Amino acid sequence: MTPLKFKDGGRYVKGRRNKHSKALKRFHEEIKKTQTANKRTMGCFGSKDKLSKEDMDFLKSHTRYDEATIKEWYKGFKQDCPNGRLTPAKFVDMYKMFFPSGNAEEFCDHVFRTFDMDKNGYIDFKEFLLAIDVTSSGTPEEKLKWAFRMYDVDGNGVIDIQEMTKIVQAIYDMLGACSSNRPADSAEERAKNIFAKMDENNDGQLTQEEFLKGCLQDEELSKMLAP
């Protein structure tokens with residue numbers, strides 16, 4: 001995501017690209033490194049550690065990964081999460097590596113919520129790989145639909161100004177107060193400027209259609225809001 005410095009009349013100029021712009025990508029890379037490092041020590045999983053044919057077929061048809069790649073992801077996932085469950089605490093620990101000077105917990109809560117599609121409090125392998133596939137290899141529209149779900153905190157199908165402010169504030173907190181990458185404007189100001197740009201009917205809410213249209217027509221806004 002690229003921070004934007006808004007000016008009068010809703011115009012803006014491109015700001016410095018911050019650490020958050022590559023957070024999910026680095027998160028993916030860190031897990032891939034773990035997979036590679038553990039190949040020599042993991043050995044072969046027993047039958048109980050293998051994906052079922054049903055799960056494999058599902059992931060092959062719903063992601064861009066082939067069977068061999070899915071198996072490699074699964075090995076790494078099971079190494080980090082032997083019980084097959086990625087917990088909020090583990091998720092936060094991974095993000096903290098990227099933002100040691102900030103508070104990543106609030107932002108992680110929102111990302112975790114978006115990964116955890118069945119809302120059972122943990123991320124299983126299917127949820128994990130579906131999210132990784134979209135955020136790392138998805139089309140711009142797919143990434144924006146995923147991002148919309150994150151910004152729609154209460155899941156009611158629209159984003160209001162409070163929800164947008166909450167996510168932006170979480171990003172600011174993650175960057176840390178002393179970060180040179182942290183924008184000068186407040187989270188409230190940033191959220192208001194985003195709404196001024198995207199809320200076509202001025203009803204104080206962003207539908208998915210407005211969100212996608214605003215981002216797809218504005219490359220810089222898309223970089224700021226999409227994973």
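Met-174 is found in helix H8, which spans residues 161-175. In this predicted model, Met-174 counts as buried because its relative accessibility is 0%, and buried means under 20%. Along the sequence, Met-174 and Glu-105 are separated by 69 residues, yet their C-alpha atoms are 7.7 Å apart in space. Glu-105 appears again below, among the residues of H5 that take part in the contact with H4.

**The protein as a whole**

- The protein has 11 helices and 4 strands.
- It consists of 227 residues, of which 48% count as buried.
- Among contacts between residues at least 6 apart in sequence, 64% join residues at least 24 apart.

**Annotated domains**

- The UniProt record, an unreviewed entry, places the feature "domain: EF-hand" at residues 103-138, 139-174 and 186-221.
- In the span 103-138, helix accounts for 67% and strand for 0%, and the end C-alpha atoms lie 28 Å apart.
- In the span 186-221, helix again makes up 67%, with 8% strand, and the end C-alpha atoms lie 17 Å apart.

**Packing of H4 and H5**

- Two packed helices are described by the angle between their axes and the distance between the axes.
- For helix H4 (residues 88-96) and H5, the angle is about 125 degrees and the axes are 10 Å apart.
- An angle between 115 and 145 degrees falls outside the parallel, antiparallel and perpendicular ranges, so H4 and H5 are oblique to each other.
- The crossing of H4 and H5 is right-handed.
- On the H4 side, the contact is made by Pro-88, Phe-91, Val-92, Tyr-95 and Lys-96.
- On the H5 side, the contact residues are Glu-105, Phe-107, Cys-108, Val-111, Phe-112 and Phe-115.
- Sorted by class, the contact of H4 with H5 has 9 nonpolar residues, 2 charged residues and no polar ones.

**Packing of H6 and H7**

- The axes of helix H6 (residues 125-137) and helix H7 (residues 140-151) come within 8 Å and cross at roughly 125 degrees.
- H6 and H7 are therefore oblique to each other.
- The crossing of H6 and H7 is left-handed.
- H6 contributes Ala-131, Val-134, Thr-135 and Ser-136 to the contact, while H7 contributes Glu-142, Lys-143 and Trp-146.
- By class, the contact of H6 with H7 has 3 nonpolar, 2 polar and 2 charged residues.

**A buried residue in H9**

- Ala-191 has its place in helix H9, which covers residues 187-198.
- Ala-191 counts as buried because its relative accessible area is 0%.
- When residues up to four places away in sequence are not counted, Ala-191 touches Ile-161, Met-164 and Thr-165.
- Ala-191 and Gln-169 are 22 residues apart in sequence, and their C-alpha atoms are 9.3 Å apart in space.

**Loop residues with a positive phi**

- Most residues other than glycine have a negative phi.
- Lys-119, although not a glycine, has a positive phi of about 55 degrees.
- Lys-119 lies in the loop between helix H5 (105-115) and H6.
- With a relative accessible area of 53%, Lys-119 is exposed, because exposed means over 50%.
- Asn-202 is another residue other than glycine with a positive phi, in this case near 55 degrees.
- The loop that holds Asn-202 runs between H9 and strand E4 (205-207).
- Asn-202 is exposed, with a relative accessible area of 67%.

**An exposed residue in the loop before H4**

- Asn-83 is placed in the loop between helix H3 (67-80) and H4.
- Asn-83 is exposed, since its relative accessible area is 55%.
- Asn-83 and Asp-49 are 34 residues apart in sequence and 9.5 Å apart in space, taken from C-alpha to C-alpha.

Note on methods. Residues are numbered from 1 along each chain as its sequence is written. This is a predicted model: local features need pLDDT of at least 70, side-chain atom pairs count only at pLDDT 80 or more; totals for chains, interfaces and linings use all residues. Side-chain values use heavy atoms; hydrogens and water are left out. Axes are lines fitted to C-alpha atoms, for helices over the stretch in contact, and angles run from 0 to 180 degrees between N-to-C directions. Helices (H or I, at least four residues) and strands (E, at least two) are DSSP runs, numbered from the N terminus. Angles under 35 degrees count as roughly parallel, over 145 as roughly antiparallel, 65 to 115 as roughly perpendicular and the rest as oblique. A crossing is left-handed if the near helix is turned anticlockwise from the far one by less than a right angle, and right-handed if clockwise. Contact means heavy atoms within 4.5 Å. Ala, Val, Leu, Ile, Met, Phe, Trp, Tyr, Cys and Pro count as nonpolar, Asp, Glu, Lys and Arg as charged, and the others, Gly among them, as polar. UniProt positions are given in the numbering used here, feature names are shortened, and annotations may be inferred rather than shown by experiment. Buried means under 20% relative accessible area, exposed over 50%, partly exposed in between (1.4 Å probe, protein chains only).
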